[in-house]
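Work through these exercises with the model open. Try each task before you read its solution.

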Amino acid sequence: MALHFELVTPSKLVRSEDVHMVVVPGAEGEFGVLEGHAPFMSTVRDGTVQVYKTEGSAPENIEVRGGFAEVGDKGLTVLAEHVED
Amino acid sequence: MASLKELKDRIKSVKSTQKITKAKQMVAAAKLRKAQAAAEAARPYAERLAGVMGSLASKVSGDSAPLLLRGTGSNQRHLLVVVNTDKGLCGGLNANIVKEAKKQARKLIAEGKDVTFYLVGKKGRAPIKRDYAGKIDHHYDTSEMRNPDFEEAEKIADDLVARFEKGEFDIAHLIYPVFKSALAQDPTTVQLLPVPAPEDAVASDAAVEYEPDEEEILEDLLPRYIKTQLFGALLEREASEQGASMTAMDNATRNAGELIDKLTIQYNRSRQAAITTELIEIIAGAEAL
């Protein structure tokens, strides 16, 4: 039960890890991604990506600007121009 | 024959030059490692973005495609975006980039197109101005930037996209050095605007959901793709500059070493000749008594 989550900026690969759930601030509303999510692409508005390492744990917040999210067989990939930890 | 003092001074000056080139070589080697690491780190983003772009661009086509993909419909006015370094001391790197730019310009002019230049970096200005004085549209100064950062690439891209949307040119080409190794940096030309349709468009089999729709995502991604390309060019330039600089300085250090050896031999010979003459004078004087 793990979702592979990658967060990439132009200058580096910020995260590449297995997590429980990620909540992404999509352009048309927030969406949570769990393992086995259907293929999906969305632009991301400037905001906070919440990463839940395990079920019920407190989320880790990552600020992103200029983002784009893609869900495929390999998991969730968030491309962001700027990231503030 | 130069006097002993002159030779000594000469050796001293070559030695201090050698120290400088040696130091510059070591600095370049250290910076090269950093630049290569940065270029490496930027790759995942560029690859993913190119992948997404490819699959989207194959779906959106025809008149509904955004301007940045579709182009202005004409190919008369060409803009050459030439990425040069800001500093010298890097061998033939800038000369090679300029040569490639001029080759492209000649080719386009021979086809009857209008060519203008958009120069990034200082070192391309003088040689391009010599041949195409009235055709330089804009200089973009990157000398303030110590390491290539994405914001710089963003500014260049925004400027280019704004000019494109105003209809100042039809097609933009990007000319920049591709870092192969410390010995080889190849100047390369790629089409920047309109974004060329990817050749190996993989039609994704899975039914992907888009939010908002494909066109809007594409419209959002295209400027970002251009930024990424420019950022990549800046990173390659940095690595190429340091690589070329390292090689050039290595050669310079070696040449200085050879020169010092040659001068030292000459110095010793003249010193010995002087001593011999003095001895002969003394002996001749003693014999005369």
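A residue is buried if 20 or more other C-beta atoms lie within 10 Å of its own, exposed if 12 or fewer, and partly exposed in between, with C-beta atoms placed from the backbone. This is a predicted model, where local features need pLDDT of at least 70, side-chain atom pairs count only at pLDDT 80 or more, and totals for chains, interfaces and linings use all residues. Residues are numbered from 1 along each chain as its sequence is written, and chains are lettered from A and ligands numbered from 1 in the order in which they are written.

**Exercise 1.** Describe the fold and packing of chain A.

*Solution.*
- Step 1: Chain A has eight strands and zero helices (DSSP runs: strands are E, at least two residues; helices are H or I, at least four; both are numbered from the N terminus).
- Step 2: The C-alpha trace of chain A spans about 30 × 25 × 25 Å along its principal axes.
- Step 3: Of the 85 residues in chain A, 36% are buried.

**Exercise 2.** Find how chain A meets chain B.

*Solution.*
- Step 1: Count contacts (C-beta atoms, placed from the backbone, within 7 Å). Here 20 residues of chain A touch 22 residues of chain B.
- Step 2: Strands S5 (40–44), S7 (60–72) and S8 (75–84) of chain A each give at least two residues to this side. S5(A) supplies the largest share, four residues.
- Step 3: Look for strand pairing (at least two DSSP bridges between two strands). S5(A) pairs with strand S6 (residues 209–211) of chain B in the parallel sense, over three bridges.
- Step 4: Pick out one bridge. A:Ser42 has B:Glu211 in S6(B) as its partner.

Terms used: Contact = placed C-beta atoms within 7 Å.
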